[in-house]
Each structure stands twice: as C-alpha cells, then as structure tokens.
Amino acid sequence: MLRFLDEMNAVVGRDEELEMLKRKWDEAMSGRGSVVMVVGEAGIGKTTLVNKLGEYAESRGGIYLRGQGLYHENIEPFLPIYEILREYEAKKSGGTGGGIAALLIPETSSRGRDALVGITPEEGSPGDESLRVMENLRKRFEKMSRVEPLLIFVDDLQWADISTLNFILYLARSVNRMRILLVGSYRPEDVKMERDHPLTDIARRMEREKLCVEINLGRLTCEDVHTILNDVLRLEIPEDVVRTLYELTEGNPYHLNELLKEMVRDGLIDPEEMVWNPVISKESIILPRTLEDLVMRRVDRLSDLARKVIRAASVLGKRFSLEDLVELTGIGDEALADAMEELLRLDLIKEGERDYEFSHIVVQRTVYSSMSSIRRRLLHRKAVEIIERSDRPDKVFRLALHCYYGGLREKALEYMVRAGDEAFRMLAFREALWYYQRAEELAHEIGATMEDIYEIHVREGDSLYVIGDYDEARRKYEEALQFAGEREKIEVCIRIGNICLDRGDLKCAEEYYHRAMEYSVDGMKRGLVLAKLAHLYMMRDMLERAAEYLDEARKIAEDTGSPELMALVLKEEGILKYRQMDEEGALRCFLKSLEEYEKTDEALGKVKVIMDIGAVYMSLADTENAEKYLKMALKMAGEMGYVTLIASIYLNLANYYSGIGDLKKAEEYLERSEEYVRRIGDVRLGQLVYRNRAVEFFREARFEEALENIKKAQEYALEMNNEYEHARHRALEALFLIVMGRADEAETILNDALAVMGAVDEIPARLDVLGYRAAYLEFLGRYGEEREVLMESIRVCERGGLKREKGRTLLELARNMFLEGDFDGAVRTLEEAESLLGDFRPTELDRYMLTSRRFMKRIAACEDPAEEISDYASDLLQGRYILRCVEFLYHMGVVYVRSGKEGGKFLRRAMDLAEKHGMGSYRRLIEGALSGPP
C-alpha cells in the first residue's frame with residue numbers, strides 16, 4: 001500500500017540533486033566519467049535517489065549496476081564488486097558468474113605468505129599482487145564501458161569491506177577517461193561511530209586528490225512533507241496532523257513512508273478514498289516516535305510462526321535464502337510459505353531475483369537486537385551446522401562469523417584462521433588481518449598451544465607488512481619469536497630483516513639476517529639470507545663484503561640446483577658489477593639470470609631482470625637495445641597488471657632521456673609515470689616522480705613549477721614516514737630557492753634538512769650531505785668553502801672505496817679550481833678524474849660537464865675556443881637546459897677573466913638569461929664578475 005511513495009520521495013525536495021546527477025551521467029556517456037558520493041543518514045532517500053538516476057541512465061542506453069555493503073557481513077572480500085559483475089553477466093548473457101576468486105585473482109598470483117620470506121626490495125611482494133587485482137578489475141570495467149556506458153552504484157559504503165573501498169579509490173583515479181559514473185553512498189553517523197573507520201581515510205584521499213563530488217542529502221522541510229501528502233499523494237489530511245507527522249519523522253522520507261503505511265494499517269487513513277478516517281479522533285492516535293519503535297510495533301503484530309521466521313532470518317543477515325530458512329527454523333513448506341507471505345504483506349521483507357532480503361537494514365538490526373543473547377547464540381550455532389553441510393563459495397567466511405557469534409570458541413578459532421588465509425589468498429590483506437586479530441583473541445581465551453599462537457602472530461605480521469604498517473608488523477613478528485621453534489625463528493628473523501630494509505634501517509636488517517644465519521641449516525634458506533645480506537652491503541657501498549656473500553650463495557644455488565635461487569643470485573651479482581662500473585659484466589649476469597627465471601614461474605622477477613638489462617643498455621648509451629628491453633618489460637608488466645612496475649619503467653625511461661639531453665621525451669615519460677603513480681597511490685614512487693619532475697623544471701628555469709613539484713615529493717615522503725627522503729627533498733628545495741635569490745630562506749631550510757640527513761651514519765648519506773652543501777656554496781660563489789667540502793667528499797669516497805663517486809667529485813673540484821684561478825691544479829685534477837672514470841660511459845649530461853672542463857683546459861693552454869663555447873651554449877638552450885647554459889656561460893666568463901682575456905660577452909649573455917628567468921643568485925654573481933676580476 002502507498003508503494004508509490006517509495007518512488008515519489010526521491011523527487012520531492014531533491015530536484016537539484018537529481019539534475020546534477022543527470023548532468024554527471026550525460027558527461028559520462030561522452031567519455032568523461034566521474035565519481036559522486038551521496039551522503040546522508042539512514043532513510044534519507046540515498047538509494048531511492050540513485051535508483052531514479054538508474055531509470056534515467058537506462059532510458060538513455062546505459063547499464064545500471066548495483067552492489068551493496070552489508071551490515072556485519074563484510075565477510076567476503078570485494079563482495080559488492082562481485083555483485084556488480086554478476087549482475088552485469090546476468091544482464092548481458094543470463095549467466096550467474098563463477099566464484100569471486102575466479103573473477104578477481106590473477107592467473108599467476110603470488111605464492112601467498114611464503115613469498116614474504118623470499119622477497120628483496122627488487123623482487124616484489126604480495127602487495128604487488130593486490131595492485132594487480134585492482135588493475136585487472138579496472139581493465140574489466142573499462143572494457144565493459146566501451147560497449148555501453150555504466151552507472152555503477154555501491155550502496156552502504158560504511159559497511160563495505162576494505163578491499164572494495166580501496167578498489168573504488170583506485171577506479172576513481174582513472175574513471176575520468178571512461179564512460180562510467182561511479183556513485184557511492186554512506187551514512188556519516190555510522191562512519192563517525194567507529195574510530196579509524198577505513199572509509200574516513202578513503203574519503204580524505206578522494207577529497208585531497210579532488211576525485212569526487214559530494215551530495216549531502218538533508219531532511220525534508222515541513223513544506224516538502226506537505227507537498228508529498230497534499231499535492232503528490234492527494235491525501236486529505238488535516239493540517240495539524242501534517243505538522244504532527246513532520247515533527248514525528250523530522251523530515252526523514254523513509255520514516256514518513258513507513259509511518260503512513262502504519263496509519264493505513266491502523267485505519268487512520270482510508271486507502272481507497274485517500275482521506276483521513278473521520279471516525280477516528282485525532283487526539284486519540286498514538287504513533288511510534290522512532291523507526292525502531294515502528295518496526296517492533298509491526299513485529300509484535302506478527303503471528304508466532306512469522307515472528308520465529310523473521311528472527312531466524314535476522315541471524316542469517318540482510319539477505320537470506322529460503323533454503324537456509326527452512327533448515328534454520330525446521331518449519332514445513334506450507335507453514336513457512338504462510339509466514340513469508342505475512343512478512344511480505346507487512347513490508348518487513350521483500351523478494352529479490354534470487355533470494356529474500358529485509359525491506360530496510362533498520363528492520364534487520366532491530367529484530368536481531370530485540371532477541372535475547374541466548375536465542376541469538378543458539379540460532380548462530382544452528383546456522384553453523386547448516387553451512388558446514390553446504391558447498392557455498394563463501395562458506396569459510398560465514399562459518400567464522402557464526403561460530404564467533406555463536407560462542408563456539410574452538411571452532412571459531414579454526415575458522416577465523418582459515419578465513420584469514422582465504423582472504424590473504426584473495427589478496428584482501430586488511431580483511432585477512434581482521435580475521436587473524438579475532439583468532440588471536442580467541443587463542444588467548446581458550447589457552448591455545450604455543451605453535452598455534454606463533455602461527456597467528458606470524459599471519460598478523462604478514463598482513464600488516466603487506467599493507468605497509470611496518471612498525472606493528474615488526475611488533476607482531478617479535479611476539480612470534482617468543483613462541484617459535486628453531487626452524488621457525490629463521491623465517492621470522494628474515495621477515496623482520498625485510499622490514500628493517502624497507503625502512504632504511506640497514507644495521508637492524510643486518511642484525512636480523514645474521515640471526516637467521518645462526519638458525520639456518522637449510523641450504524635454500526641460507527642461500528636466500530646470503531643474497532639478502534649481499535644486497536644490504538651493496539646498499540651500504542660495502543662491495544667487497546657483498547661479493548663474498550654472493551660467492552657463497554652461488555655455491556649453494558649450484559649445490560641445490562634451484563633455478564629460483566640461482567636467478568636471484570645472478571641478479572644480485574649483476575647489480576654488484578654495475579656498481580663496480582663493470583657494465584658488460586652486469587649485462588652478462590642479468591642475461592643469465594633471465595635464463596634461470598625462464599625455468600621458474602617467477603613472472604615478476606623475470607620482468608624486473610628485463611628492466612635491469614634495459615637499464616644497463618641505457619648506461620652503455622645503447623639506445624636501441626635499452627628501448628627494446630624496457631618496452632619488452634612494459635608489455636609484460638601491462639599484460640600481467642603490474643602497474644607499479646609500469647610506473648617504474650616509465651620513470652627509468654624519463655631518467656635516461658633526461659640524461660642524454662632529450663628533455664621533451666623525458667617529460668613525456670615522467671607524465672606517463674605520474675599517471676600510474678596517481679592511479680596506484682604509490683607514495684614511494686610518487687616522491688621519486690615528483691622529485692624528477694622538479695629537477696626537470698629546475699633545469700629549464702621553470703622555478704615555480706619546480707618548487708610545486710618538490711613540495712609534492714615532500715608530501716609523499718611524509719606520507720611514507722621517511723624522514724630522510726623528506727629531508728633530501730627539502731635540501732633540493734633550498735637549492736632552488738638559492739638560485740632564485742632567496743638565500744636567507746634557503747639557508748634555514750637547508751640547515752634543517754642536512755641536520756636530519758647527517759644523523760644517518762652511512763657513507764651514502766654522508767656524501768649526500770656534503771653534495772648539497774657544496775652545491776649551496778657554489779651557488780653563493782663561496783668557492784673556497786666549497787673546495788673544503790669537496791675535499792671531505794673525496795676522503796669519504798676513498799674510505800668507502802667508491803671509485804665512480806670519487807671521479808665525479810674530482811670533476812667538481814677541477815671546476816672549483818678553475819673558478820679560483822688555479823688552472824694547473826685544475827688540469828691535474830681533471831686528468832685524475834678522467835683516469836678514475838676510465839671506461840665508464842657517462843650519460844650525455846656528464847659529457848656536457850666534461851666538455852666544459854675541456855674548454856677550460858684549452859683556455860689554460862692559451863687556446864681560444866670562443867666560437868665553440870657560443871655554439872655549445874646554443875645547443876644547451878635548444879635542449880632546454882637553461883640553467884646549465886647560464887651556469888656554463890658564467891663559468892666560461894669567469895675563466896676568461898681569470899686568464900686575462902675578455903669574458904664580458906659570455907657574462908652579459910648569462911646575465912640576460914638570468915634576468916629573464918629570475919635567477920637572483922646568478923644575477924648577483926655575474927654582476928660581481930662584470931665589475932672586476934673576482
């Protein structure tokens with residue numbers, strides 16, 4: 001009765017919102033998709049409003065697809081997305097679809113938790129696989145939208161599983177190029193009730209990235225209620241009753257709707273004449289004041305049989321099957337049919353395409369809450385018996401929850417662990433963590449064995465690790481060590497070492513890897529730890545020690561005949577040879593590693609070693625082979641959905657083209673990399689991309705854009721809680737500011753940044769600090785102080801045996817000597833640098849620097865390459881190396897003046913460029929050089 005009110009209340013008082021949604025749909029049809037969040041309290045009309053939009057979309061040739069988060073039933077990862085895909089299949093082919101795992105899990109998925117022991121930073125983790133799921137899903141929706149435009153509605157996001165929420169964020173980042181309007185709805189009151197609700201973080205990210213439009217649905221006004229009753233429904237109700245209805249419902253459409261239905265059932269409204277029943281006194285009516293009261297009033301009217309059925313149904317969830325009800329209630333078919341008809345007649349439940357569901361979540365929650373705890377527990381236990389006999393795909397998840405709420409603690413522990421394992425296998429790591437945490441609670445309650453508690457702690461740690469909560473993961477692993485046997489301690493120590501490595505705490509990683517070595521008697525495990533230690537020592541520039549560990553690891557790989565271990569060892573050997581400036585040797589190792597990977601199912605490792613091969617060819621300036629291998633890696637990564645790899649490859653290509661002077665192509669690849677970084681929200685890659693973009697803009701003297709990008713890099717570094725990287729980005733910001741002439745501001749930022757960086761007691765960090773300090777002093781023209789810093793850098797390189805870094809620092813020192821007028825010393829230093837670099841094939845940018853030194857060398861020998869200098873400066877400008885050109889012209893001018901020649905034309909040309917592009921620091925230096933000999 002009065003069912004038309006369900007449709008009409010979406011229009012009354014919602015015209016503006018509906019029109020806005022229609023505009024968004026029209027834009028989506030033309031390929032400019034978007035995301036809209038409809039926010040409002042329970043019963044405010046969110047679902048009804050979007051259903052109205054669905055009618056509009058389908059009338060214009062679109063497909064309307066719906067999924068829903070279920071209260072206390074987020075038991076199956078990606079459940080709303082599965083519903084949407086299943087509905088699409090049903091609409092397109094009449095099929096019902098397979099299990100969700102078949103729809104979502106990549107064919108070559110990770111080896112689960114075991115992969116966590118074997119990974120190094122280069123080998124990837126189950127977290128990479130999770131992104132593959134997201135990317136494969138995104139591609140699926142993109143493909144669907146090419147056929148027909150899609151209106152996708154995910155209702156009740158406050159109850160959706162975290163994997164679904166993460167995918168919505170992922171899809172939102174690229175939906176603007178698809179024929180998709182993605183609409184979500186949620187209740188803010190439910191989100192605020194839960195501290196750290198996952199939707200809070202998702203909504204914050206969407207707002208920060210400007211990914212969605214929000215529609216806040218407020219309550220209807222008294223005038224709206226009057227319009228519905230008098231103008232739309234044509235109800236003849238006294239004005240004071242209209243006012244009473246408004247006050248009781250407070251403008252909530254669902255409450256108003258249900259209250260009117262109740263008034264019809266009470267005889268207050270004549271359903272035939274649509275008028276107030278004059279027999280009934282207005283003063284004598286008593287109406288329920290809340291939705292819960294209204295529901296219980298309706299439940300109290302039910303027959304005993306119908307009441308028993310609806311209670312059983314509330315335990316099964318918002319949706320339930322007739323078959324489950326038959327088993328749970330034990331009622332015969334005829335009696336059950338009578339009870340169901342009674343519930344349908346009173347609008348407590350409604351019939352769906354396959355199952356039944358409560359007419360509103362308020363009904364299910366109210367009925368469930370109204371039962372005594374013992375009745376609920378007994379019904380949950382009976383549900384366990386029913387589900388255990390079934391073959392339903394979500395069986396393990398449902399059993400975990402029914403055992404838990406049914407008080408079957410031993411069984412609940414077993415099923416919680418199994419549900420966590422299944423969620424982890426489905427790459428839904430946050431859901432897995434939820435199940436493991438419940439399992440831990442149960443394990444302590446029932447006094448489980450040490451072995452069981454160890455396993456649960458490790459599982460919790462694994463889930464925390466892959467979602468990036470390293471501190472908490474490490475805490476769980478260290479708790480696991482207390483319950484671990486000798487063999488188990490090996491794996492836990494490796495896991496903790498991996499965390500320390502990811503966090504940049506190399507000494508801690510070294511400690512735990514060595515502890516793993518003490519426990520390890522297994523050849524494969526020992527070989528793995530040796531490879532990890534070698535990788536760690538390479539990061540610390542302890543190359544000789546890394547080589548020793550790799551030799552031992554190689555012997556183990558040969559003895560065990562393991563292609564996986566051999567592939568990893570060869571890959572690490574390639575990295576070592578590359579760091580030793582033996583590019584040809586590195587190439588041979590990487591190619592052999594690729595051969596070993598071909599014998600395994602390690603698809604990710606294979607792609608990454610192909611990337612390494614491309615990187616070596618880049619270093620060898622072999623553009624043809626570099627592009628060949630990097631594009632091969634791109635193709636493979638794209639086919640497998642490894643979006644993080646795709647972003648990394650584009651970043652490598654950008655770095656390469658920047659190095660050979662093709663800034664246009666470098667910027668193109670940086671933009672592509674940025675697109676993928678935005679899609680995946682990878683903060684580690686994000687800070688690298690924006691740092692590189694900042695450097696490119698800096699070279700082109702686009703300083704404001706450089707500052708904008710370096711600040712974005714800082715935001716990402718803060719988000720990944722990496723103080724060191726954040727400090728590096730701040731130091732770079734300081735250098736930008738110096739060149740712009742903002743020296744005072746720059747000095748404060750630089751000193752703060754270098755203080756953070758200097759706290760890291762590692763050779764690379766020390767060189768970083770000295771490098772930024774030297775650049776700062778050079779930009780200020782304080783060459784004497786710069787020389788002291790460069791000399792200290794050379795001493796650090798010598799202590800660490802860093803041949804390449806020492807050669808590069810000597811190049812800087814040679815320039816410094818030239819600028820100070822020490823031509824003979826500069827020439828000797830330059831020759832030492834070139835002898836150290838030897839066969840090292842520098843990038844084109846290094847060649848620019850070497851070339852400028854050779855110009856200086858000729859000037860010192862009384863030769864005048866003025867024409868060549870002018871041509872070279874023009875080449876730099878054509879390549880958009882504006883900052884490099886100013887720097888080069890300034891230095892040439894200073895060297896000419898130092899050697900007693902006329903360098904004014906170079907200085908004046910540098911001044912013109914410095915003034916045009918706002919280089920305050922260089923303007924001051926050039927003015928000083930023009931006023932007389934420095």
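**View A. K476 is a buried member of a salt bridge with E440.** K476 has a relative accessibility of 6% and therefore counts as buried, a term for residues under 20% relative accessible area, whereas exposed means over 50% and partly exposed lies in between (1.4 Å probe, protein chains only). The model is predicted, so local features require pLDDT of at least 70 and side-chain atom pairs pLDDT 80 or more, while totals for chains, interfaces and linings use all residues. Residues are numbered from 1 along each chain as its sequence is written, and side-chain values use heavy atoms, with hydrogens and water left out. E440 is likewise buried, at 15%. The N-to-O distance of the E440–K476 salt bridge is 2.8 Å; a salt bridge places a side-chain nitrogen of Lys or Arg within 4 Å of a carboxyl oxygen of Asp or Glu. Because E440 belongs to helix 22 (residues 429-446) and K476 to helix 24, the pair ties together parts that are 36 residues apart in sequence. Helices (H or I, at least four residues) and strands (E, at least two) are DSSP runs numbered from the N terminus.

**View B. Helix 26 is covered by several other helices.** Helix 26 comprises 14 residues, 506-519, and its first and last C-alpha atoms are 20 Å apart, close to the 20 Å expected at 1.5 Å a residue; the expected span is 1.5 Å times one less than the number of residues. Its buried residues are L506, C508, A509, E510, Y512, Y513, A516 and M517. The elements that cover them include helix 24 (470-481), helix 25 (486-503), helix 27 (523-539) and helix 28 (543-560).

**View C. Five strands form an open parallel sheet.** The strand order is 2-3-4-1-5, and two strands are taken as paired if DSSP finds at least two bridges between them. Strand 2 (63-68) and strand 5 (213-216) each have a single partner strand and stand at the edges, so one side of each has no neighbour in the sheet. From one strand to the next, the twist averages 20°. Strand 3 pairs with strand 4 (residues 180-186) in the parallel sense over 5 bridges, and I152 stands opposite L182 of strand 4. Helix 3 (residues 46-59) lies across strand 1 (34-39), strand 2, strand 3 and strand 4, and runs at about 165° to strand 3. Axes are lines fitted to C-alpha atoms, for helices over the stretch in contact, and angles run from 0 to 180 degrees between N-to-C directions.

**View D. Q158 is a buried loop residue with polar contacts.** Q158 sits in the loop between strand 3 (150-155) and helix 8 (162-172), with a relative accessible area of 4%. Its side chain makes a polar contact of 3.1 Å with the side chain of D156. A polar atom of the Q158 side chain also lies 3.1 Å from the backbone nitrogen of R187. A polar contact is a pair of N or O atoms within 3.5 Å; within protein, one must be able to donate a hydrogen and the other to accept it, and residues adjacent in sequence count only if both atoms are side-chain atoms. Leaving aside residues up to four places away in sequence, Q158 touches S185, Y186, R187, D190, V191, H197 and L199, where contact means heavy atoms within 4.5 Å.

**View E. E209 and R173 join two loops.** The closest N and O atoms of this salt bridge are 2.9 Å apart. E209 lies in the loop between helix 10 and strand 5 and R173 in the loop between helix 8 and strand 4, so the pair ties together parts that are 36 residues apart in sequence. E209 is partly exposed at 26%, whereas R173 is buried at 13%. K210 is found in the loop between helix 10 (198-208) and strand 5; K210 is exposed, at 73%, and its phi is near 55°, a positive value in a residue other than glycine.

**View F. S673 is buried within helix 34.** S673, at 0% relative accessibility, lies in the helix spanning residues 663-680. A polar atom of its side chain lies 2.9 Å from the backbone oxygen of A647. Not counting residues up to four places away in sequence, S673 touches A647, Y650, L651 and V689.
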